[in-house]
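Notebook open, and today's job is to look up one helix and then the protein surface around the DNA. I'm keeping the entries terse.

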Protein chains: 2
Amino acid sequence: MAGMNAKADKISDLTINRLSVYLRCLHELWAEGARTISSQGLADRFNLNSAQIRKDLAYFGEFGVRGLGYNIEELRNHLIKILGLDRPHNVGVLGAGNLGNALANYDGFSPGKFSVVALFDTDPGKIGRRLPSGVEVHNMDEFASIASELAIDIVAIAVPARVAEAALDAVVDAGIKAVLNFAPIRLQGRPGVKINHVDLLVSLEGLSHFLSIRPMLAHASAASDE
Amino acid sequence: MAGMNAKADKISDLTINRLSVYLRCLHELWAEGARTISSQGLADRFNLNSAQIRKDLAYFGEFGVRGLGYNIEELRNHLIKILGLDRPHNVGVLGAGNLGNALANYDGFSPGKFSVVALFDTDPGKIGRRLPSGVEVHNMDEFASIASELAIDIVAIAVPARVAEAALDAVVDAGIKAVLNFAPIRLQGRPGVKINHVDLLVSLEGLSHFLSIRPMLAHASAASDE
DNA sequence: AATTGTGAATTCCTTCACAGCC
DNA sequence: GGCTGTGAAGGAATTCACAATT
């Protein structure tokens, strides 16, 4: 049990999110025929500092070669491992409304790594429906048994805000540890459960704020990106 | 022109995003019949420090009353003003795929503040279609004229990654200054244009990472929330 | 007595700058 | 010579703690 690669410790979400971005970039570079890349080369692709990339990677091991940079295939494999993408993840979507359906049909998830395997709803009119993709809408009451049957390990909450907390209770009770919340509400954290928020209203209101101060920025230089 | 309320200056996105969350909470409190709230009362609703809330608000003025807290209606009006929600915003959606359609039909945006008024696509098979909501799918070539006609001030990019950069060019050329990007790609910033990213893959991979380190956290305390 | 607004302290994150290695 | 890995410096965001105010 001698720790070979330091993991878990206290690595920030910011770092993890960037690893995700690096990985995506490595896929592109590989497709372009590149086989090696320097931290500076990666940094140029986004608006990042090369030291930041090196630091991010260094949390997990020494993946580079001094004087040469990083081997793309090797680094890619490391990142896949670190991000837990070396095994598939089955996603259950709560709420078969517009958003839930879009998620179930969305094919933008990296090929094969994340699959939406079931929708859940409480509306009898929706239960039993089957999407073009073959995914079925189940009764929310059956969440626990179906989640276990289909090996669901990630849940996306796409229900109205007022029932989101109750929905979270149900999935946490069923042993789910990873949740992606789309409901416009700040869900109370549960111990041992990771909740990532996708909050469209917050994002839109950030843009709205920007538009309202923009006239005041007038001649001054205006900033951009996230 | 004596600056009555200090705005714009250098306020971080983190602060602006929290204002959005506070505002949502004020709506709820108001609906519950509350008429006044302390920073501590607000802080208890999320996992926040009360000093943070006071600091966030203090950037924009002195809205509270010592000893009493904040008047909910008054603070709400201030936040609405600060976030530019005192006038409506028209959103154009690029890409009439699953995600684009879901956005166009999504009614979760705060009542009336943001309206999706048009979809745009390059696929002749989709152009001309009209959604149940009445929103029409236009030819992307006509973006500039229709955006101006419909007074679109915010664009959501929901096209495949490989054409996202070109799509951004088109909207920026048409004078759009605020963009919500759903494509899994880090768009290059443009001067004077604010781009917010909603990156589902990054969010999912963050969850995947958490699941893969979770077994190692074992008996140790496991953390949560975003 | 209660609660704000805020300087000071702290913690967290990023960038610099360079020793170490290929 | 070029590039990584990293200690040290710098900067940003958060939290503390308390004087000011009602």
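Started at the front end of α1(B): a side-chain oxygen of Ser12(B) comes within 3.1 Å of the backbone nitrogen of Leu14(B). I count such a pair as a polar contact (N or O atoms within 3.5 Å; within protein, one must be able to donate a hydrogen and the other to accept it, and residues adjacent in sequence count only if both atoms are side-chain atoms). Helices (H or I, at least four residues) and strands (E, at least two) are DSSP runs, numbered from the N terminus.

Note to self: this is a predicted model, where local features need pLDDT of at least 70, side-chain atom pairs count only at pLDDT 80 or more, and totals for chains, interfaces and linings use all residues. Residues are numbered from 1 along each chain as its sequence is written, chains are lettered from A and ligands numbered from 1 in the order in which they are written, and side-chain values use heavy atoms, with hydrogens and water left out.

Next I checked the helix length. The 19 residues of α1(B) should span 27 Å at 1.5 Å a residue, and the end C-alpha atoms sit 28 Å apart, which agrees. The expected span is 1.5 Å times one less than the number of residues. Just after α1(B), I found Gly33(B) with a positive phi of about 100°.

Which residues of α1(B) are buried? The list includes Ile16(B), Leu19(B), Leu23(B) and Leu26(B), and Arg18(B) and Arg24(B) are also among them. Buried means under 20% relative accessible area (1.4 Å probe, protein chains only). The cover over these residues includes α8 (200-217) of chain A, along with α2 (39-45) and α4 (72-82) of chain B; contact here is heavy atoms within 4.5 Å.

Then DNA strand D. I get 23 residues around it, with Ser39(A), Arg54(A), Tyr70(A), Gln52(B) and Lys55(B) coming nearest. Near means a heavy atom within 4 Å. Sugar and phosphate make up 61% of the strand D atoms that come within 4 Å of the protein. Phosphate oxygens of strand D lie 2.7 Å from a polar backbone atom of Ser39(A) and 2.9 Å from a polar side-chain atom of Gln52(B). The largest share of this surface, 4 residues, is from α3(B).

Last, DNA strand C, surrounded by 24 residues. A polar side-chain atom of Arg54(B) lies 2.6 Å from a base nitrogen of strand C, while one of Arg18(A) is 2.9 Å from a phosphate oxygen. α3(A) gives the most to this surface, with 4 residues.

Notes. Buried < 20%, exposed > 50% of the residue type's maximum accessible area, 1.4 Å probe, protein only.
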